Amino acid sequence: MKITKISFAKLAVPLITPFKTAMRTVNHIEDVVVLVETDDGQVGYGAAPSTPVITGDTHGSIIHAIKTVIAPQLIGLSITDFNQILLRIQQSMVGNNSAKAALEIAIYDLWAKWLNLPLYKALGGGKPQLTTDVTISVNDVEQMLEDAHRAINQGFDVLKIKIGNDIHLDIERVKAIYQAVGDKALIRLDVNQGWTAKQTVFAVEQLDKAGVQLELIEQPVQLNDIEGMRYVTQRVSTPIMADESAFSPKQVLSLIQSGAADIINIKLMKTAGISQALQIADICQMYKVECMIGCMLEGSIGVAAAAHLASARADVICKIDLDGPVLGQYDPVKGGVNFNRAQILLSDGAGLGIESIQGLEYLTNGVWK
Ligand SMILES: C[C@H](N)C(=O)N[C@@H](CCC(=O)O)C(=O)O
Ligand SMILES: [Mg+2]
């Protein structure tokens, strides 16, 4: 099982409706697919999206980092030297977390194939079914109400409401959505860093007064404003979740120890893959802090890996935000994890269980076109 080749492809899927947050608007799921081949004919699949405003990584930087820095250190290593491969990936360079994540996902796929187990069983086992929330993009109130009603009619019972571009309008958005569907769905908010700490406390007071009950508020303030996260967490009873502030295990430890978050959102593109996501799960388990497993606006290869991790670490990963694949018009990946609206079903195929991928556009010379 020696690694012989690492190559790249592009996989694009148009979205059903534009994905809009306080930070960006996206119309397509577009992933770099990383294919790791071994001398016994196996292929491991990994993938990563471009998220320049979140991770700093773009399709070009992901390919460049893997092609010129990381891949040369992996060629010739055997999958049986699993920990050595993971160390090389993590120590190869500073940053470039999405590149490391895509590679790690492919390596974990190969490792579980070598063990002849689905990844979630190789990681310790768990239930093969998960239920995800769905994201309601930030828009005018009428559009958000229409989207919320549609989501509920499709069977989603947890809505992740994107806000954060106008504090007063945000409060009106949340009140209107809660009034319309608050008895049918759990409401979580994602501010994507759009408020200040004081604005967050003000918003929670206004929403409390209006009788709005929220499950949690995700990343209300700027990613580096850890004092702001702490200020809010200490003052409101609604649980506060860290997303953009929580990339590395060290950051998570520090957020928890300083009382700056009640919940941690784990995403493979932030943690540079599965190995550090497991470290974060361990830290959270130690401190009895719940986690969410999240994803970027990305397709079903990377999100499948996150689903396997969530299944295996259900001891601490209690909340699921893995809706990336169902926001697309179709899923080009066959076999593996089935994403059907709110229901996620892991297959018992080895590794990620991927059988085929439609519409892969191979990138000759590893250049993003
Ligand atoms: C897609 C998922 N539900 C989500 O909202 N993820 C991110 C933003 C992803 C992106 O901009 O690509 C989040 O902030 O939680
Ligand atoms: Mg978020």
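I began by noting what counts as pairing here, namely that two strands pair if DSSP finds at least two bridges between them. The model I am reading is a predicted one, and I kept that in mind for every entry below.

Strand 1. I looked up the partners of strand 1, residues 3–20, and found that 13 bridges join it to strand 2, residues 25–38, with the two running antiparallel. Within this pair, I located Phe8 opposite Val34 of strand 2. I then checked the connection and noted that strand 1 and strand 2 make a hairpin, with four residues between them.

I also followed strand 1 to another partner, strand 17 (residues 361–362), with which it pairs in the antiparallel sense over two bridges. For Ala9, I recorded Tyr362 as the bridge partner in strand 17.

Trp114. I placed Trp114 in helix 3, which covers residues 97–115. Is Trp114 buried or exposed? I counted 20 other C-beta atoms within 10 Å, and therefore entered Trp114 as buried, since the cut-off for a buried residue is 20 or more. Leaving aside residues up to four places away in sequence, I found that Trp114 touches Met1 and Ile79. I also took the separation of Trp114 from Asp262, which lies 148 residues apart from it along the chain, and the distance between their C-alpha atoms came to 38 Å.

Residues 141–239. From UniProt, in an unreviewed entry, I copied the feature "domain: Mandelate racemase/muconate lactonizing enzyme C-terminal" for residues 141–239. In the model I found this span to be 52% helix and 13% strand, with its end C-alpha atoms 24 Å apart.

How values were computed: Residues are numbered from 1 along each chain as its sequence is written. Chains are lettered from A and ligands numbered from 1 in the order in which they are written. This is a predicted model: local features need pLDDT of at least 70, side-chain atom pairs count only at pLDDT 80 or more; totals for chains, interfaces and linings use all residues. UniProt positions are given in the numbering used here, feature names are shortened, and annotations may be inferred rather than shown by experiment. A residue is buried if 20 or more other C-beta atoms lie within 10 Å of its own, exposed if 12 or fewer, and partly exposed in between; C-beta atoms are placed from the backbone. Two residues are in contact if their C-beta atoms, placed from the backbone, lie within 7 Å.
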